[in-house]
Amino acid sequence: MMKLLFVILLLVSGADAWAEGLPTISASPDGNGGQSYTLSIQVLLLMTVLTVLPALVLAMTSFTRIIIVLSILRQALGTAQTPPNQVLIGVALFLTLFIMGPVLQQINDEAIQPYSAGEIEFEAAVAAASTPLREFMLSQTRESDLALLSGIARTPEMASPADVPMTLLIPSFIISELKTAFQIGFLMFIPFLIIDLVVSSVLMSMGMMMLSPMLISLPFKLMLFVLVDGWALVVGTLAASFFA
């Protein structure tokens, strides 16, 4: 994950500004015979990028789809804050690391290691690092979403997927991930909704309208989820959805 953070930091901050080697701190004499120190714009840009870096990492990986599906699953079960948010985020992060493993390995082999060894220049390392990430996002992005945002931005017609700019690819990828996550969540919600409807109908037919249906249906939903090995099914479905 740290390698991915490093690569995205390079991509977002821009290769030109980093390649120019701007001085981080400059010193100039003051009127009292001493020196005054000023920070260059590079530090300001770096700090700005660091504030949005976590959001960029999450938006450009499989994390968005995973955390939304897990949140919908918790809502369908009706368990309120169980599992807690920290557990869901932890599961989503490690599952993201598992799914993005081949991409990270390719970035490490083709960009980070050659650049660290001085075999390629900075610009070549950034281009090599962006290629696997671009291929991953393109494979998960719907053409309709790309066409929608391309039409809004009035982007010139592109001859190949390699011509799609990151500024267009990233939001298109996010929209596609949101749609896919809600589709998976809808399919998971149906069995639990049926249990709620059955329990509500039974309680109304027995005249027990003051008793909350959620209180009765919760054990049945948990029992169903455990019997079908729900966590394995959910995790397996999420992982398989990225490799289909």
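This passage describes the fold, helix packing, largest pocket and backbone features of one chain, based on a predicted model.

The chain comprises eleven helices and two strands. From the N terminus, the order of elements is α-α-β-β-α-α-α-α-α-α-α-α-α. Two helices thus precede the strands, and the remaining helices follow them. The chain has 244 residues, of which 35% count as buried. Contacts were considered between residues at least 6 apart in sequence; of these, 68% join residues at least 24 apart. The exposed surface amounts to about 14200 Å². Carbon and sulfur atoms account for 70% of that surface.

Helix 6 spans residues 101–116 and is not straight. A kink of about 45° is centred on asparagine 108. Asparagine 108 is itself buried. So are Val103, Leu104, Ile107, Ala111, Ile112 and Pro114 of the same helix. In an α-helix, with 3.6 residues a turn, residues three or four places apart point the same way. The buried positions of helix 6 include Leu104, Ile107, Ala111 and Pro114. Just after the helix, glycine 118 adopts a positive phi of about 75°.

Helix 6 also meets helix 7 through proline 132. This proline lies within helix 7, which covers residues 122–140. Proline 132 has a relative accessible area of 3%, and therefore counts as buried. Beyond its neighbours within four places in sequence, proline 132 is in contact with Val103, Gln106, Ile107 and Glu110. Two of these partners, Val103 and Ile107, are among the buried residues of helix 6. The C-alpha atoms of proline 132 and isoleucine 107 are 6.7 Å apart. Along the chain, 25 residues separate the pair.

Helix 9 runs from residue 166 to residue 205. Two of its buried residues were examined. Leucine 168 belongs to helix 9. Its relative accessible area is 5%, so leucine 168 is buried. Leucine 168 touches Leu146, Leu149, Ser150, Thr155 and Met158, with residues up to four places away in sequence left out. From leucine 168 to serine 150 the C-alpha distance is 6.9 Å, across a sequence separation of 18 residues.

Glutamate 177 is also in helix 9. At a relative accessible area of 0%, this acidic residue is buried. Its contacts, neighbours within four places in sequence aside, are Thr61, Ser62, Thr64, Arg65, Gln140 and Phe242. Among them, Gln140 is a residue of helix 7. Thr64 and Arg65 fall in helix 4 (63–77), and Phe242 in helix 11 (230–243).

The largest pocket has a volume of about 270 Å³. Its lining is made up of 15 residues; those closest to the centre are Met188, Phe225, Gly230, Leu233 and Val234. Helix 4 (63–77), helix 9 (166–205), helix 10 (213–227) and helix 11 (230–243) each give two or more residues to the lining. The lining contains 13 nonpolar residues, two polar residues and no charged ones.

Two loops carry further backbone features. Most residues other than glycine have a negative phi, and most peptide bonds are trans. The peptide bond between threonine 82 and proline 83 is cis, with omega of about -5°. Proline 83 sits in the loop between helix 4 and helix 5 (85–99). Aspartate 229 has a phi near 55°, a positive value in a residue other than glycine. Aspartate 229 is placed in the loop between helix 10 and helix 11. Its relative accessibility is 47%, so aspartate 229 counts as partly exposed.

Note on methods
Residues are numbered from 1 along each chain as its sequence is written. This is a predicted model: local features need pLDDT of at least 70, side-chain atom pairs count only at pLDDT 80 or more; totals for chains, interfaces and linings use all residues. Side-chain values use heavy atoms; hydrogens and water are left out. The bend at a residue is the angle between axes fitted to the seven residues ending there and the seven starting there. Helices (H or I, at least four residues) and strands (E, at least two) are DSSP runs, numbered from the N terminus. Buried means under 20% relative accessible area, exposed over 50%, partly exposed in between (1.4 Å probe, protein chains only). On a 1 Å grid over the protein atoms alone, a cavity is a set of points where a 1.4 Å probe fits but cannot get out, and a pocket is an open set with protein on both sides within 12 Å along at least five of seven lines; lining residues have an atom within 4 Å of a point. Grid points are joined across faces, edges and corners, and a volume is the space filled by probe spheres set on the points. Ala, Val, Leu, Ile, Met, Phe, Trp, Tyr, Cys and Pro count as nonpolar, Asp, Glu, Lys and Arg as charged, and the others, Gly among them, as polar. Contact means heavy atoms within 4.5 Å. Accessible areas come from the Shrake-Rupley method with a 1.4 Å probe; for residues, only the protein chains shown count as cover.
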